[in-house]
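Grab a viewer and work through these exercises one by one. Try each task before you read its solution.

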Amino acid sequence: MSMRFMRPRLCSRPSTVLILLLLSAIALRAYHLDFQSLWSDEGISLLRASLPLPQMLREMPVEHAPGYFVLLHLWIQLVGTSDFSLRFLSLWPSVLAVALAYRLAADLGRQRAGLITAALLACNPFQVWYAQEARMYSWLLAAGLASTWFLWRLTSSASPRLPMIGYIIATAGAIYLHHYGFLVPIVHAGFMAWRLWRCRDLAAVRRWVVVSIVILLLYLPWLPRAIRVFSFPGWRSPGDPWQIPWRYLTAYTVGDPMPAPWQAWLPPVYLILIVIGALTWWRHKPAAGALLLASTLLPLIVVLALALRKADFHERYAIIISGPLVILAAGGIDGLRRVRLGMAALLLAGLITASGLALFHLYTDETLHKPNFRAAAARIQTLEKPGDVILVDGPDPRKVFLHYYHGNAPVYDLRDLQDAEADEINATLIEATRRAHRAWELLYFHQPGPIQVWLATHAWPAAETMHNGIRVTLYGLPGIPSRSRELDLRFGPSLRLTEVEIGGETSPTGDLKVEVGELLRITTRWQVEAKLPDYKFSLRLYDLPGRLWLSEDYVPQNWLAPTSAWIPGQPATDRHGLLLPWDLPPGPYRITMRLYDVTTEQPIETEEGIDVPLAEIQVYPAASPPPAEAIFIPSPVNQPAGKSLILRGYGVSPDPLRPSHPGELSLWWQILHPLEGGPQLRIRLLDAGGAIWAEGTYPLTLGIQEWWRPGQITRERYLLRLDPAVKTGRYRLELALIDEAGREPVLLSIGDIRVQARPRRYRLWHVPNKVGAYLGEGIILRGYKLAPKRPTAGASMKVTLYWQALARVDGHYKVFVHLYDETGQLRTQVDDFPLHGDAPTESWLPGEVLIDRYTLHLPADLPAATYRLAVGMYDPVTGRRLPATDAKGTPLPNNAIPLREIQLR
């Protein structure tokens, strides 16, 4: 009686575990299923499956088998072509493969190994990746596992009729899904040959021969087309075929997302487990061991042979290896369990944890994601204007780009120009851009070439945006009015700016007029007098108060003509476009340019300073409000602020705010009616108890209001200076609109802002070399430490200073560390803000201690002698040093605190 009741409980336990593992597999594969954009291969799937079936089969290229595309064609008739539905067709066979791998391992005689297999496959990064791709690979794995399972049942079952039918369907499905599906019958042929030799099982071999003939007959209609694949040249550049075994082992066990050092450490662990598993399966049941070894080694040998003939290979083609390979590894863990249960359990937990970590990277690390056609199309569609065209320099835009792009601009496919002559490129691009004002260029899957050179020399490129390998660049095209100004301004000894030309309409005041959202075309002409180093250009847009609103650093001619390639004695021209943000406040602005050396990052001085003014412009609002997607607002709120304004959102920089640095609050306002009465804006940051930690009052100008049109959105920026004593946490942002009488008619509490305070200390347990000298009235140097104490020329010396604040410091001071020789000449120095800028002096609190470290580089030509080390502080704007006194209050010479004499060896 007790045995009868215990047996169902024991049998249900593995079923419960398997159900939980399958639910986990579903969750891991469904999470972020449509988060990434489709990429080109998935676009091919959609493009091909969208054709009528006869046309699809007729036009199927030789490198593809038709099975998956027929399935996808039927699927999209039912569920549509959304990214989620397209990929869901790959999700469920991947989950089915987990169940099939369990069933195969269990039928081979090791149910516990089957559960371990299911656990490892459920969270395997390689499997999750292809479960989230609209391609045939998860189907291929499921069909291969089903075929192998039916083969085992066919050879071991007393009633083989159903296994024979299942084997025909699964195997025919595998070879119709992908040409590499033929690895399945090749594996089975090898196994059946072994079975005939080892077991003399003629009946099983005859059954297999019969079903194989049926499968061949089913494939005969496609066989002539499939044979032509051997003439296919391949997609990839040749690789090293001898890397295949290790590449495949790494891919099928840990996958590309596995972070270092685990990606290097875990494959050898899996290899050891696979070897142990092969021995364990062979000892347990030789036929099971032979089937699993044939399922992993024979496909590998075939793939290697094909790669030696034509080195175009990828791990996904041979995905059928991955299931049996994991079953072997699971057998290794199960074999260890019989020797050391705790070690096997710990090892399994570690492998699952590592796969979880890899999946986290797969979901969150953008560098691992597919090319983002969705974001590229969204950028163009959001910012496009009438008169734009789109130039696609890459694969067929119908594959993916047009799946996402639904705008109005004409799209030109430039694939045919990749190997074209210059005359053909010129004629094609002139015709494509003839009636256009701007051109959007998509470049992907190859480096810039003749098309990009033509655009850089005939148009004005704005700053590019990258979308996981897809470059999107907006170019201004000729045809708008411009105004030029001659100059004779020298940048360094070898380069002169001779002319600047700005494109735009002329305002009634005679200034250049341009709307927000428009591309400002800037042309600079130069005279090269000698060989130049590599310079970077920096175009900047300032408002009249001097606030920087836009800055773009670039190499001339859209990075294609570095200044080091400019020819001495010849003129040079650069064109660049500044795309004015939609939320730029209307009003007057000035455009400046600076050049800086790429190697030293030092700006080039001119007689007009570092920033050379090029032009003044008047920025007007757009004729119609921009689309909401054109303005990125970090924290939308959408709160009315009286009858004239709506606060659309806010954002802070940096985020979180740091009390040791001035922060900036950006507010996005939508103006409904002209403002009356000159209101002011009061900004406060409050803690949960209502205490104020930042406060400021500003005029609410929002640009030149008479230029505004109803519905326009503008961004305004306000400084936020936090009380240095503020602590880490979340603080409430409160806004108040105050009228001229000082009343607060509108009070807005719009959200929380994060603050990250730096760690502080108030006690020094040990000071190596005590000093006790003072700087000003609020700072004392408690001591210092040097390492090494006897340095050598050409080396570096670490100087650690121990400061303490006696009171609040009213000023932003820089520390200097000077080394003088015996004559008082300064030989080397280092100047920096305390804690490399993380602890400016105005943020010090009374009693606070700072351990401040500097590295003093000693010139190699310093002679062996005695030197003096001194430190102090100064105002970086005026250069005035803080008064320095010793412990008795006696002023120190040059307002420098002497530390000690250094004997240089």
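**Exercise 1.** Work out which residues of helix 8 and helix 11 meet, and sort them by character.

*Solution.* This is a predicted model, so read the contacts as those of the prediction. Begin on the helix 8 side, where Leu151, Leu154 and Thr155 take part. Across from them, helix 11 brings in Ala204, Arg207, Trp208 and Val211. Now sort these residues: five are nonpolar, one is polar and one is charged.

**Exercise 2.** Decide whether helix 8 is parallel, perpendicular or oblique to helix 11, and find the handedness of the crossing.

*Solution.* Take helix 8 as residues 137-156 and helix 11 as residues 202-219. Their axes lie 8 Å apart, and the packing angle is about 135 degrees. Helix 8 is therefore oblique to helix 11, because roughly antiparallel would need an angle over 145 degrees and roughly perpendicular one of 65 to 115. As for handedness, helix 8 passes helix 11 in a right-handed crossing.

**Exercise 3.** Do the same for helix 6 and helix 17: what is their relative orientation, and which residues touch?

*Solution.* Helix 6 spans residues 111-122 and helix 17 residues 341-364. Their axes come within 9 Å and cross at roughly 20 degrees. The cut-off for roughly parallel is under 35 degrees, so helix 6 and helix 17 count as roughly parallel to each other. Next, the contact itself: Ile116, Ala119 and Leu120 of helix 6 meet Leu348, Leu351 and Ile352 of helix 17. Sorting these gives six nonpolar residues, with no polar and no charged ones.

**Exercise 4.** Give the strand order of the open six-stranded sheet, then find its edge strands.

*Solution.* Walk across the sheet and you get 9-10-16-15-12-13, with mixed pairing. The edges are strand 9 (505-506) and strand 13 (548-554), each of which pairs on one side only. Look at the strand 13 end: strand 12 (residues 535-543) joins strand 13 in the antiparallel sense, over six bridges. One handle on that pairing is Tyr542, whose bridge partner in strand 13 is Leu548.

**Exercise 5.** Is strand 14 largely enclosed or largely open, and how many bridges join it to strand 11?

*Solution.* Count the buried residues of strand 14 (residues 571-579) first: seven of the nine are buried, so the strand is largely enclosed by the rest of the structure. Then turn to its pairing. Strand 11 (residues 519-528) runs antiparallel to strand 14, and nine bridges join the two. To check the register, start from Trp526, whose bridge partner in strand 14 is Ala572.

Methods
Residues numbered from 1 in each chain as written. Predicted model: local features only at pLDDT ≥ 70, side-chain atom pairs only at ≥ 80, totals over all residues. Heavy atoms only, no water. Buried < 20%, exposed > 50% of the residue type's maximum accessible area, 1.4 Å probe, protein only. Helix = DSSP H or I, 4+ residues; strand = E, 2+ residues; numbered from the N terminus. Pairing = 2+ DSSP bridges. Axes fitted to C-alpha atoms, helices over the stretch in contact; angles between N-to-C directions. Left-handed = near helix turned anticlockwise from the far one by under 90°. Contact = heavy atoms within 4.5 Å. Nonpolar A, V, L, I, M, F, W, Y, C, P; charged D, E, K, R; others polar.
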